[in-house]
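Subject: Handing over the model

Hi there,

Here is the structure I promised to pass on, with my notes underneath. Please have it open while you read.

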Amino acid sequence: MPEPIQLRAATASDVPTIFALIQALAEYEKLSHAVTGTPEALKEHLFGSRPYAEVVLAETAGNVAGLALFFYNYSTFLTKPGLYLEDLFVLPEYRQRGIGKALLIYLAQRAIAEGCGRLEWSVLDWNAPAIAFYEQMGATVLPDWRICRVTGDALTLMAGKTS
C-alpha cells in the first residue's frame with residue numbers, strides 16, 4: 001500500500017529544501033544554467049515583508065517529494081483573480097504515486113474557494129509526459145498563445161526607453 005500524501009504550506013525553514021527542488025526541476029528541464037537565484041532571495045520573496053509567491057509541499061513517508069509554487073494573477077476578461085502555477089515538480093523517485101495530481105487538485109480547490117476564475121501554467125513543448133498528464137487532469141494546452149519574456153539587459157533597456 002502506498003504511503004499517504006500530506007500537503008502543507010511551506011515555512012521559512014523549508015527554503016533549503018525548496019531551493020533544492022527548484023534546482024532538481026531545472027536539471028530535469030535541462031535548464032540548470034538558468035538558476036541564478038539564491039536561497040536568501042527565495043526566502044525574502046516567499047516569506048519577507050511582501051511575499052510574491054506561495055509554496056505547497058507534498059510529503060510522503062516523512063520526506064518532501066514535491067512542490068507547487070504559485071501566485072495570484074488577474075484576468076481582465078473574467079474580471080476575476082486567478083492562480084498561476086509557476087512550478088509543479090515531483091522528484092523522480094516519487095512519481096506515479098499521485099503526488100502531482102494531489103497538488104493540482106489542491107490548487108484547483110483553492111482557486112474555487114477563493115473565487116478565482118482560472119488556474120493556469122506553462123509547459124515546455126517537448127515535455128510530452130507532463131502534457132499528457134495535464135490533459136488527463138482536464139487542462140487545455142493552448143496552441144495559439146506564446147509566452148513573452150524580458151529579462152536581464154533587455155529588461156534594463158526596455159525600462160530606459162522613452163516614448
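E2 and E3 pair in an antiparallel way, with seven bridges between them. One facing pair to look for is Ala58 opposite Gly66 in E3. Please keep in mind throughout that this is a predicted model. The two strands make a hairpin with two residues between them. Ala61 sits in that loop between E2 and E3, and its phi is near 50 degrees, a positive value in a residue other than glycine. Ala61 is also partly exposed, at a relative accessible area of 47%.

The loop between E3 and E4 holds a residue of a similar kind, Thr79. Thr79 is not a glycine, yet has a positive phi of about 50 degrees. With a relative accessible area of 55%, Thr79 counts as exposed, since the cut-off for that is over 50%.

Back to E2, which also has a partner in strand E1 (residues 5-9): the two run antiparallel and are joined by five bridges. Here Ala9 is the residue that stands opposite Val56 in E2. How much of E2 is buried? Six of its seven residues are, so the strand is largely enclosed by the rest of the structure.

That leads to the interior. The largest nonpolar core has 35 residues, and Ile18, Val55 and Leu57 have the most contacts inside it. Two or more residues come from each of H1, H2, strand E2 (54-60), E3, E4, H3 and H4. As a general point, nonpolar side chains in soluble globular proteins tend to be buried together. Val55 is a good place to centre your view: leaving aside neighbours within four places in sequence, Val55 is in contact with Arg8, Ala9, Ala10, Ile18, Leu46, Leu67, Ala68, Leu69 and Phe70.

Another residue I looked at is Val90, in strand E4. Val90 is buried, with a relative accessible area of 11%, because the limit for buried is under 20%. Beyond its neighbours within four places in sequence, Val90 is in contact with Ala65, Gly66, Arg95, Ile99 and Gly100. The C-alpha atoms of Val90 and Ile105 are separated by 15 Å, the two residues being 15 apart along the chain.

Now for the pockets. The largest one has a volume of about 1900 Å³. It is lined by 48 residues, and the closest to its centre are Leu25, Glu29, Glu86, Asp87 and Leu88. Helix H1 (15-28), helix H2 (39-47), strand E3 (63-75), strand E4 (80-90), helix H3 (99-113) and helix H4 (128-136) each give two or more residues to this lining. Which element gives the most? That is E4, with seven residues. By class, the lining of the largest pocket has 30 nonpolar, 10 polar and eight charged residues.

The second largest pocket has a volume of about 860 Å³. Of the 21 residues that line this pocket, Glu120, Trp121, Ser122, Leu142 and Trp145 lie nearest its centre. Strand E5 (residues 118-121) gives the most to the lining of the second largest pocket, with four residues. That lining divides into 12 nonpolar, five polar and four charged residues.

Over to you, and happy browsing!

Best wishes

Terms used:
Residues are numbered from 1 along each chain as its sequence is written. This is a predicted model: local features need pLDDT of at least 70, side-chain atom pairs count only at pLDDT 80 or more; totals for chains, interfaces and linings use all residues. Side-chain values use heavy atoms; hydrogens and water are left out. On a 1 Å grid over the protein atoms alone, a cavity is a set of points where a 1.4 Å probe fits but cannot get out, and a pocket is an open set with protein on both sides within 12 Å along at least five of seven lines; lining residues have an atom within 4 Å of a point. Grid points are joined across faces, edges and corners, and a volume is the space filled by probe spheres set on the points. Ala, Val, Leu, Ile, Met, Phe, Trp, Tyr, Cys and Pro count as nonpolar, Asp, Glu, Lys and Arg as charged, and the others, Gly among them, as polar. A nonpolar core is a set of buried Ala, Val, Leu, Ile, Met, Phe, Trp, Tyr and Cys residues joined through side-chain atoms within 4.5 Å. Buried means under 20% relative accessible area, exposed over 50%, partly exposed in between (1.4 Å probe, protein chains only). Contact means heavy atoms within 4.5 Å. Two strands pair if DSSP finds at least two bridges between them.
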